[in-house]
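Me: Could you take a close look at the side-chain contacts in this model, and then follow them outwards to the pocket and the surface around them? I would like one connected account, with the values kept beside each statement.

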Amino acid sequence: MLDGILLGFQVAFSLDNLFYCLVGVTLGTLIGVLPGVGPLVTIAVLLPLTFGLTPEAALIMLAGIYYGASYGGSTTAILVNLPGESSSVVTCLDGYQMARQGRAGAALAIAALGSFVAGCIGTLAIALFAPLLGNFALRFGAAEYTALIIMALVATAVLVQGALLKGLLMALLGILIGMVGMDLNSGVMRYTFGMTSLMDGIDFVVVAVGMFAFSEIVSQLWSSTSEVRKTSEVTSLLPSRQELKDSAMPIVRGTGVGMFFGLLPGIGTTISSFASYMLEQRVAKDPSRFGKGAIEGVAGPESANNAAAQVSFIPTLTLGVPGSATMALMLGALMLQGITPGPNVITERPALFWGLVASMWIGNVLLVVLNLPLIRIWVWLLKVPYSWLYPVILSLACFGIYSLSNSSFDVWLGAGFGLFGYFAHKLDCPPAPFILGLVLGPMLEESVRRALLISHGDPSTFVTSPISAAFLAVTVLLLALMVLPAIRRGHKKLDLEVQ
């Protein structure tokens, strides 16, 4: 492992990769600060710009955007009670109350310190556990990968906010969209409706930009106004000794919570930050302080948020199974570079893997060094009306889609997925299962075909393997945990009506 780390720092310290790491964390923090424009939108818009980069530079920049946005979302949450992204919602509860009490600087400093510590420990976890998980994944055959992908899709549909049926239907729809185009095995056209433009399938970037960039613009312009929000003043950024003491254990616990949830498919950073907040409330001597400016309510969730963002790279890189919609975009970026994530990525592309790990350490240092002095600039940016930003984002999105194949059809197709994403949001249909279904659908189809080919058409191959059977058992358990309470509520309602 030591040789790998040395190789990683050699890759990460090259001038080009250092520059892209700096660009990534700066853009990520900027995007995290601006409400309504999260890492999903940013990565979707910037995906076409990575085509001319090396795989190492592309992944380093996109990763910097991701964990930079996870860090930057706390600034607007603390100062104006408006989270830059969903994972910073919890930070509003106590962070904004601290700002109203004149302790905005301390809250921002603790958020930065917690994110830095959690990011460094999370990166160490990637270096330690990703190779072990990769070696374990070498035992996986077609049946095991089929069961793992099914578990990931179901877990995402079960754990995201919204109804279970809607999540499963969105995952299924994503799989169907992923099957559009020519079947590589038989040459048969599927779901093209006679249009030659769909012969090669629907490009992942078109769907991603439409679902997140276009739909987010429509949604925000429909609901937002151009009013300037009042921000809290930031004086000293130095927390007191007591605040540092009170934050130490919440940072440690939050990091542990974030690392655990970051490994699980479908969880993401939002649930990890909520779980950390609830844990801090439970272990606190005086839980009534929470919601009134408790420093623990900032330190724990911010640490969990950043740790989950870092550790979620482990299943994405070693198993090829993304744990969230953002990780699905990262997986799509790798595939666009001609790289298939999986257990062999560490041995076949060591410069890519270890370069990414080393860049995360560098990126976490850059986040602290750059962003604490830039707090006042971020405060000034918060005074810009949000509606002014969207024409720029829309222009970049259209340019990015058109540059894929110089086709106006792709732009119109992206606009169509933008409308789909907008109405899905209005109907409370979660986008994460759809994106995971789109990315994992072709992999699922290929794994099912290979497994049945190897077993000569015997479907029992999916339950005779212990690993595959375990994944399917977890899948059934997840569904049961969601369905049984609904059935019990239905029985109670029926009993009441009978009485």
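**Side-chain contacts, a pocket and a patch**

Reply: Phe 13 has a relative accessible area of 48%, which makes this residue partly exposed, and the model in which that value was computed is a predicted one. Phe 9, at 26%, is likewise partly exposed. Across the whole structure, a search returns seven aromatic pairs. One of them joins Phe 9 to Phe 13 in a stacked arrangement, with 5.9 Å from centre to centre and 25 degrees between the planes; the angle falls in the stacked class because planes under 30 degrees apart are counted there. A further pair, Phe 353 with Trp 354, is edge-to-face, since the planes stand at 85 degrees while the ring centres are 4.9 Å apart. Phe 353 and Trp 354 are both buried. Ring pairs also bring Trp 361 together with Phe 9 and Phe 13 in a cluster.

Turning to charged contacts, the whole structure contains six salt bridges. In one of them, Glu 56 meets Arg 349 with the closest N and O atoms 3.9 Å apart, and this pair links distant parts of the chain, Glu 56 lying in helix α4 (residues 55-80) and Arg 349 in the loop between α15 (345-348) and α16 (350-371), 293 residues apart. The 3.9 Å separation satisfies the criterion because a bridge is accepted within 4 Å. Glu 56 is buried, at 16% relative accessible area, whereas Arg 349, at 30%, is partly exposed.

Another bridge pairs Glu 280 with Arg 253, the closest N and O atoms being 2.9 Å apart. Because Glu 280 belongs to helix α11 (residues 268-283) and Arg 253 to helix α10 (residues 241-262), the bridge ties together parts that are 27 residues apart in sequence. Here Glu 280 is buried, with a relative accessible area of 2%, and Arg 253 is partly exposed, with 28%.

A bridge within a single helix is formed by Glu 445 and Arg 449, whose closest N and O atoms lie 3.4 Å apart. The two residues are four apart in helix α20, so about one helical turn separates them. Glu 445 is buried, with 17% relative accessible area, and Arg 449 is partly exposed, with 31%. This contact does not stand alone, as salt bridges with shared partners join Glu 445 and Arg 449 with Asp 183 and Arg 190 in one network.

Helix α20 leads on to the second largest pocket, since the largest share of its lining, seven residues, comes from this helix. The pocket holds about 850 Å³ of space, and 29 residues line it, with Gly 178, Leu 184, Asp 200, Ile 202 and Pro 442 lying nearest its centre. At least two lining residues come from each of α8, β1 (181-182), α14 (325-336) and α20 (431-454).

Helix α8, spanning residues 164-178, is also where Leu 176 is placed, and Leu 176 takes part in a nonpolar surface patch together with Leu 165, Leu 169, Leu 172, Leu 173, Tyr 191, Phe 193 and Met 195. The patch has about 820 Å² of accessible area in total. Leu 176 is partly exposed, at 34% relative accessibility, which places this residue on the accepted side of the cut-off because patch members need over 30%.

Terms used. Residues are numbered from 1 along each chain as its sequence is written. This is a predicted model: local features need pLDDT of at least 70, side-chain atom pairs count only at pLDDT 80 or more; totals for chains, interfaces and linings use all residues. Side-chain values use heavy atoms; hydrogens and water are left out. Patches are made of residues with over 30% relative accessible area and no salt bridge: like charges are joined within 9 Å, nonpolar side chains (Val, Leu, Ile, Met, Phe, Trp, Tyr) within 5 Å. Accessible areas come from the Shrake-Rupley method with a 1.4 Å probe; for residues, only the protein chains shown count as cover. A salt bridge is a side-chain nitrogen of Lys or Arg within 4 Å of a carboxyl oxygen of Asp or Glu. Buried means under 20% relative accessible area, exposed over 50%, partly exposed in between (1.4 Å probe, protein chains only). Rings of Phe, Tyr and Trp (its six-membered ring) pair if their centres lie within 6.5 Å; planes under 30 degrees apart count as stacked, over 60 as edge-to-face and the rest as tilted. On a 1 Å grid over the protein atoms alone, a cavity is a set of points where a 1.4 Å probe fits but cannot get out, and a pocket is an open set with protein on both sides within 12 Å along at least five of seven lines; lining residues have an atom within 4 Å of a point. Grid points are joined across faces, edges and corners, and a volume is the space filled by probe spheres set on the points.
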